[in-house]
Amino acid sequence: MASRMTSAERMAAVISGQKPDRVPVIPFIEGYASQITGISLGDFYADGDKCFEAQFASMRLHGYEQTPMYGYASCGAWEFGGEIGFPYGKGQGAPFVKKHPVETIEDIDKLEVPDFGRELPGAYKIADRVATRCFELGMPATVQIGSIFTAASVVADTSEFLAWLIMEPKAVHLLLDKVSDMFVNALDYFADKYGSESLLPFDGGPSESNNMISPQMFEEFAYPYMKKVHTRVKELGIHAVLMHPCANQNLNLPYYAKLREETNWSGKYFWLFGPETPIKDQIKAFGDHDVICGNINPPLFLTNSYEELLEICRRNIEEGINSPSGYVLSPGCEFPVNAAPVKVMAMVDAAEKYGRYE
């Protein structure tokens, strides 16, 4: 049976708390889309128009619900005056830091918060081009506004930053405050340019995972600045945020759960946790208010066959489809850049076959 809703109608239904015809598919595709238009991965991240066109073509080709976006895990370093490299080399999958703007404690004091009123800093120039192309076609403008902790961990030399959590906590708090100010400035700029109702900000990163820091450290160093930025989300009237707490963040769930309560926000989070966090735990923590995204382990899209993935997706849909406030089928992190197109097809086919609400 063919789908009755368009992708836009499907997502509008989920955001408004209604049931669509089938579960939406958000495959968290970025670099993979470069295959569709035949560009290099470096050009995908360096050129906003090529980035948009590749993702838009992939979206139309596969029939999933994700609209084009721009972001990467090392956001922050370039924006604060460091250097990044684009992934033109063999084995490179995303932009990477070549020079951290903070290498010593003294550098934190000298760090200037990017002023979006003068010129868009770093990768935000590219992200703005992608957002403009989306906005012109009535699609959400998705821009990166976190995570503050992960961004701070690449603004500074990462190994030094983690040591400073214990040895120099006051300096770390100053750095986190400056990084959070950058993301607030980004929110203000994009909300003013495109309208709050058109924004779908993206927040997420791996550095605050429980593989890296304890939940007590999360409470002290990550949560206050996340709350600061999300308070601004609420003040601006933004109605949805894509959240991707990457890697194992099970012990941080209580802090993510109280974010809505403490900011008194009435919008929807789309929670995209890694495969480490069972869907049942996500539903328990967020299901009454927010949309739960699937958490299929991304490497499976490289190693498993179409038939095997169809079954993996079926099980994921079965776990999430009855979440009270909505569910979308997703991998637990970015879709692998070099996966075959038939692996994306498995997700969409599974949603059509197993994810119908009628």
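Where is the place of Arg 22?

## Arg 22 and its partners

In this predicted model, Arg 22 is situated in the loop between α1 and α2, the latter helix spanning residues 34–37. Arg 22 has a relative accessible area of 1%. Because buried means under 20% relative accessible area, Arg 22 counts as buried.

Two acidic side chains are polar partners of this residue: the side chain of Arg 22 makes a polar contact with that of Glu 65 at 3.1 Å, and another with the side chain of Glu 352, also at 3.1 Å.

## The parallel sheet

Five strands are arranged in an open sheet, in the order β3-β4-β5-β6-β7, with parallel pairing. The edges are formed by β3 (202–205) and β7 (327–328), each of which pairs on one side only.

Within this sheet, strand β5 (residues 268–271) runs parallel to strand β6 (residues 291–293), and two bridges join them. Phe 270 stands opposite Val 291, a residue of β6. Helix α1, comprising residues 7–15, packs on the sheet and touches both β5 and β6. The direction of α1 makes about 115 degrees with that of β5.

## The largest pocket

What volume of space lies in the largest pocket? The computed value is about 530 Å³. The pocket is lined by 24 residues, and the closest to its centre are Met 11, Ile 15, Thr 67, Pro 140 and Leu 200.

Helix α1 also has a part here: with five residues, α1 gives the most to the lining of the largest pocket. The helix that packs on the sheet against β5 and β6 is thus also a contributor to the pocket lining.

## Backbone features in the loops

Two residues that are not glycines have a positive phi. Phe 28 has a phi of about 50 degrees and is found in the loop between α1 and α2, where Arg 22 also has its place. For Asn 264, phi is about 55 degrees; this residue lies in the loop between α11 (253–263) and β5.

Which of these residues is buried and which is exposed? Phe 28 has a relative accessibility of 6% and therefore counts as buried. Asn 264, at 59% relative accessibility, counts as exposed because the cut-off for exposure is over 50%.

A further backbone feature concerns the peptide bond that joins Gly 146 and Ser 147: the bond is cis, with omega about 0 degrees. Ser 147 is found in the loop between α6 (124–136) and α7 (148–155).

Note on methods:
Residues are numbered from 1 along each chain as its sequence is written. This is a predicted model: local features need pLDDT of at least 70, side-chain atom pairs count only at pLDDT 80 or more; totals for chains, interfaces and linings use all residues. Side-chain values use heavy atoms; hydrogens and water are left out. Two strands pair if DSSP finds at least two bridges between them. Helices (H or I, at least four residues) and strands (E, at least two) are DSSP runs, numbered from the N terminus. Contact means heavy atoms within 4.5 Å. Axes are lines fitted to C-alpha atoms, for helices over the stretch in contact, and angles run from 0 to 180 degrees between N-to-C directions. Buried means under 20% relative accessible area, exposed over 50%, partly exposed in between (1.4 Å probe, protein chains only). A polar contact is a pair of N or O atoms within 3.5 Å; within protein, one must be able to donate a hydrogen and the other to accept it, and residues adjacent in sequence count only if both atoms are side-chain atoms. On a 1 Å grid over the protein atoms alone, a cavity is a set of points where a 1.4 Å probe fits but cannot get out, and a pocket is an open set with protein on both sides within 12 Å along at least five of seven lines; lining residues have an atom within 4 Å of a point. Grid points are joined across faces, edges and corners, and a volume is the space filled by probe spheres set on the points.
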